[in-house]
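Got a minute to go through a structure together? Here it comes.

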Amino acid sequence: NIKFFFICNLNVAAKRRYNELNKRLKNISFIEVKRALYNRNLSDKNRSISPLQKHPDAVVVRTSKMSKQEMLKKMSKYIEKVLLKKYGN
């Protein structure tokens, strides 16, 4: 019943994806990766069936300035808070 909605700056997301892809594909450019992410995000938001939208109850997690560990810590704290509220100690 807990929903998270992740938001990341396009430049940050493209840099992360570029670094990941560059390990395997040496001839890929940052601009190509950024353009592909932009187009995918636009397509996800505008598709006719099940477009990407934030659920009203979703917790927004802004990942642009977070490491994976920080993101998991934030999510875990929120889950613990909900579980404590629902079930107590």
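Below are a few questions and answers on this model.

This is a predicted model, where local features need pLDDT of at least 70, side-chain atom pairs count only at pLDDT 80 or more, and totals for chains, interfaces and linings use all residues. Residues are numbered from 1 along each chain as its sequence is written, and side-chain values use heavy atoms, with hydrogens and water left out.

Q: Which helix do the buried residues of α1 pack against?
A: Helices here are DSSP runs (H or I, at least four residues), and strands are too (E, at least two), numbered from the N terminus. In α1, which covers residues 10-22, the buried ones (under 20% relative accessible area, 1.4 Å probe, protein chains only) are Ala14, Tyr18 and Leu21. Down the helix axis they fall within an arc of 70° (taken over directions from the axis to the C-beta atoms), so they line one face of α1. Counting contact as heavy atoms within 4.5 Å, the partner they pack against is α2 (30-46).

Q: Which residue caps the N-terminal end of α1?
A: Look for a side-chain oxygen 2.8 Å from the backbone nitrogen of asparagine 11. The residue that offers this oxygen is asparagine 9.

Q: Is threonine 63 buried or exposed?
A: Threonine 63 sits in the loop between β2 (59-62) and α3 (68-87). Leaving out residues up to four places away in sequence, it touches Phe6, Ile7, Cys8, Arg16 and Met71. Its relative accessibility is 8%, so threonine 63 counts as buried.

Note on methods. Buried < 20%, exposed > 50% of the residue type's maximum accessible area, 1.4 Å probe, protein only. Polar contact = N/O pair within 3.5 Å; in protein donor to acceptor, adjacent residues only side chain to side chain.
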